[in-house]
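Hi,

Here is the structure I promised to pass on to you. Please have a look at it first, and then read my notes underneath.

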Amino acid sequence: PNINLTGITVHIGSQITDLSPMREAYKRLAKFVKMLNNNGFAIKNIDLGGGIGVTYEDEIQPCLLEYANIVKEEVSHLNCKIIIEPGRSISANSGALISSVMYIKKGIARNFMILDAAMNDLMRPSLYDAYHPIIPVKETSDKADTNYDIVGPICESGDVFIKGQKMAEILPNELMAIMVSGAYGAVMSSNYNTRPLIPEIMVKGNKFAVIRERQTVEDLLKWEKTPDWI
C-alpha cells in the first residue's frame, strides 16, 4: 500500500543490431502495461532502455528511423511518457582515443607496440575483451605486413588493447587512434596506477577546444590528507 507504481522499464541487452527483438520486447511491454492498468495501476511512464548497436568491426548499425517507427507502432498508443536511453548509438562513433607510440618491442613470434594510453583510459578491452579498431592517425600506402600486440605501459597482463593487429610498420612517436571510444571510454576511466586522467578535446571541422583539462600528479596528491595524529 505504500508503493505507488507509475512506471515500467525494460532493457533486453546491449549492442543489438537486429531490431526485431526490440519490437518483440515492446509488444510484451505494451501487454504488461495494459494488464497493470486493468488491475488499478495508473502507468504513466515507460522506459524502453537502450542497447542499440554500433559499428566496431563489421556490424551494420540499425536505422534509427526504423527504431523510432517501432516505438511509435508498439507503445505510442499507451499514452505514456516514453523514455529511451540510446547513449552508445549517439556517442560511440563520435569519439576516438589518440595515443602516442612509446616503444616497439620486436620479438621472434610477435611485436609489441607500447602506447602511452593504458587500460585505465579505455577499460573495455581489458574488462571483457571488447574490440576497438586501431589505426595510424597518419595514413600510409605501405603494405600491412607486420603483426602487433598493441598494449599499454602498465605492468599488468590485462593492459592489452588488441592482439595480432596487422598493419604497416609503425615507428616510435607515431600517433595511433583507438576508434569507437566515445561510449564507455572517459566514463569508465580511472586513476589506476597513479595515472592522471587525459584531456578531452572537442573537434568540429577545423576548430577544436579542450573541454576537460589534463590532470597532473599534483592534482591527485592534493586530495591526500595526513592525519594529525601521525
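Below is what I found, from the overall fold down to the surface.

Please keep in mind that this is a predicted model. The chain has five helices and eleven strands. Its radius of gyration is 23 Å, well over the 17 Å that the globule rule gives for 230 residues, so the chain is more spread out than a compact globule. Along the principal axes, the C-alpha atoms fill a box of roughly 70 × 65 × 40 Å.

Now for the pockets. The largest pocket holds about 950 Å³ of space, and 32 residues line it. Nearest its centre are A96, L97, I198, P199 and E200. Strand 4 (97-106), strand 10 (200-204) and strand 11 (207-212) each bring at least two residues to this lining, and strand 10 gives the most, with four. Sorted by class, the lining of the largest pocket comprises 17 nonpolar, nine polar and six charged residues.

There is also one cavity of 30 Å³ or more, with about 40 Å³ of space in it. V10, H11, I12, M22, A25, Y26, L48 and G50 line this cavity. Six of these lining residues are nonpolar and two are polar, with no charged residues.

Finally, the surface: L127, Y128, Y184 and V187 form a nonpolar patch there, and together they have about 420 Å² of accessible area. Of these, L127 lies in helix 4, which covers residues 124-128.

Best wishes

Methods
Residues are numbered from 1 along each chain as its sequence is written. This is a predicted model: local features need pLDDT of at least 70, side-chain atom pairs count only at pLDDT 80 or more; totals for chains, interfaces and linings use all residues. Side-chain values use heavy atoms; hydrogens and water are left out. Patches are made of residues with over 30% relative accessible area and no salt bridge: like charges are joined within 9 Å, nonpolar side chains (Val, Leu, Ile, Met, Phe, Trp, Tyr) within 5 Å. Accessible areas come from the Shrake-Rupley method with a 1.4 Å probe; for residues, only the protein chains shown count as cover. A salt bridge is a side-chain nitrogen of Lys or Arg within 4 Å of a carboxyl oxygen of Asp or Glu. On a 1 Å grid over the protein atoms alone, a cavity is a set of points where a 1.4 Å probe fits but cannot get out, and a pocket is an open set with protein on both sides within 12 Å along at least five of seven lines; lining residues have an atom within 4 Å of a point. Grid points are joined across faces, edges and corners, and a volume is the space filled by probe spheres set on the points. Ala, Val, Leu, Ile, Met, Phe, Trp, Tyr, Cys and Pro count as nonpolar, Asp, Glu, Lys and Arg as charged, and the others, Gly among them, as polar. The radius of gyration is taken over C-alpha atoms; the globule rule is 2.2 Å times the number of residues to the power 0.38.
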